[in-house]
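Reader: I would be grateful for a close look at one part of this model, taken step by step together with whatever can be linked to it. Please state the cut-offs behind each term as it arises.

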Amino acid sequence: MVRAVLVPEPGKLVLAEKAVPIIRESTEVLVRVKAGGICGTDLHIFHGTSPVATYPRVIGHEFVGEVVARGRGVTRVREGDHVVVEPIFFCGKCYPCSIGRPNVCENLEVMGVHRDGGFQEYVVVPERNVYPFSKDISWEEAVLMEPFTIALQVADRGNIASSDTVFIIGAGPIGLCILAYLKYLGAQCGISDIIPKRLERAKNLGADFVVHSGEENLEREVLRHFPGGAHVVIDASGLPETFAQAVQLASRAGRVVVLGFHTAPSPIPQASITLRELTIVGSRLQAHKFPQVVALFEERKLQPGKLVSHVFSFERVHEAFALLEHYPEETCKVLLSF
Ligand code: MN
C-alpha cells in the first residue's frame, strides 16, 4: 500500500491508503515521489472553490521524485533518475493543441485537479511527462520548477523583453517566481502586496521597488517609478479589483497579463483599453516550458531556495495547510517531503 493526501470531498483532507500504482503502458514510468509544493490551487480544491476540480481527488501538481521502474518502451529516463513531472495531459487534436497551446486543450486534464496528483508516495506517469535533472539540485529546490514554468509562460504571454518596465500585483509565491525570472531576464520590476513581509522577500529577490498597497497609493507609486505606466502589468493577485487596477497601471501600447480564476466581473472601461491600445491576455499553466526551466535550474540562474519558507513531512499535511491558511505573512512556498 502507499499513502496519499486525499480530498474525498470539499472540506475534508485525509491521509488515505491505496494500492501501489502499476505500470500498464510500455511508455510509462513509476516515480517515487520525494517532494511536493502546496499551491493555492490545492487550497481551493480543499475548500471546494476550484471551478474545475472533481472529487475524490489526490491533490498535488507540483512534485518531483525518482524513477524506480519503467516500461519496455521508455528511452528518455532510467531507474535512479531524478525527475520533475509536467502535470498536464492534452488530446493533441483540438484547435489549441494544433497551434502549440496544449495548456488550454479542449480536453485538458491536470494532475491533482482533474485526475490524481503527486501528493502520494508513488505515482505512474507517461515518460513524456517527466524531465530529468542532475542530482546536485536538491529535491526542495526542484519542486520550484513547476511554479517557474508558470513565470516563463507569463513572460511569453506578456511579450516581455529585458528593456521592459513591469509591475506585478501580488507578492505571493507565483508573483515572486515571476519577479525572480524577470529580474534574471533583466527587466525593471516593481511589485505590490498588502503584507510587508512578502515585500521583504521581493526586495531580497531583486525588486527595483515595492509598494505596500495597504498604505501607499499604488497608482502614484507606479507612475513615480514608471512615468506613463508600466509596459507590462501582471495581476498575480487575481481579485476583481486588482484586474481593474492592472488595466489602469499599464502604459500606452502596454500589456496586461491575468492569472486569476475569479468569476466575478471587473469594472473596466472600453476607453482605457482602446485609447492606449492595450493587449490584455490570460496566462494559464504553461506550454513547453519545462526543458527551459530545467536548464535555468542547472545553470543556477534562478534562486528557488529563497521561495521556500517551510518543509513538512507529508504526514503533517494538516499542519502545513493550517499554517498557509492562518499565517500568510510567515509563509511563502510550503513543501511536503515524502
Ligand atoms: Mn501551482
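**The second largest pocket and its surroundings**

Author: The second largest pocket holds about 220 Å³ of space; a pocket here is an open set of points on a 1 Å grid over the protein atoms alone, with protein on both sides within 12 Å along at least five of seven lines, and its volume is the space filled by probe spheres set on the points. Among the 14 residues that line this pocket, Pro21, Ile22, Val123, Val124 and Val125 are the closest to its centre; a lining residue has an atom within 4 Å of a point. The model is a predicted one, in which local features need pLDDT of at least 70 and side-chain atom pairs pLDDT 80 or more, while totals for chains, interfaces and linings use all residues. Residues are numbered from 1 along each chain, and side-chain values use heavy atoms, without hydrogens or water.

The largest contribution to the lining comes from strand β9 (residues 122-126), with four residues; strands are DSSP runs of E of at least two residues, and helices runs of H or I of at least four. By class, the lining has eight nonpolar residues, one polar and five charged.

From Val125 the path leads to Val130, since contact (heavy atoms within 4.5 Å) links the two. Beyond neighbours within four places in sequence, Val130 also touches Val29, Arg76, Val77, Val83, Val84 and Val85. Val130 belongs to strand β10 (residues 130-133). With a relative accessibility of 0%, Val130 is buried, a word that stands for under 20% relative accessible area with a 1.4 Å probe and protein chains only.

Val130 also offers a reference point for the metal site: its C-alpha is 20 Å from that of Cys39, and the two are 91 residues apart in sequence. The manganese ion is coordinated by Cys39 through SG, His61 through NE2 and Glu62 through OE, at 2.1 to 2.5 Å; donors are N, O and S atoms within 2.8 Å of the metal (3.2 Å for Na, K and Ca), and sites may look incomplete because water is not among the atoms. The spacing of the donor residues in sequence is C-x21-H-E. Cys39 sits in the loop between β3 (28-38) and α1 (40-47), and His61 in the loop between β4 (57-58) and β5 (62-70), so the pair ties together parts that are 22 residues apart in sequence. Cys39 is buried at 15% relative accessibility, and His61 is buried at 6%.

Strand β4, just before His61, also has a place in an open antiparallel sheet of three strands, ordered β2-β1-β4. Because β2 (14-18) and β4 stand at its edges with a single partner strand each, one side of each has no neighbour in the sheet. Strand β1 (residues 2-7) is antiparallel to β4 over two bridges, and two strands count as paired if DSSP finds at least two bridges between them. Across from Leu6 in that pairing stands Val58 of β4. On the other side, five bridges join β1 to β2, with Leu15 as the bridge partner of Val5. The hairpin of these two strands has six residues between them, and there Gly11 adopts a positive phi near 95 degrees.

Definitions and conventions: 1 Å grid on protein atoms, 1.4 Å probe; cavity = no way out; pocket = protein on both sides within 12 Å on 5 of 7 lines; lining within 4 Å. Nonpolar A, V, L, I, M, F, W, Y, C, P; charged D, E, K, R; others polar. Buried < 20%, exposed > 50% of the residue type's maximum accessible area, 1.4 Å probe, protein only.
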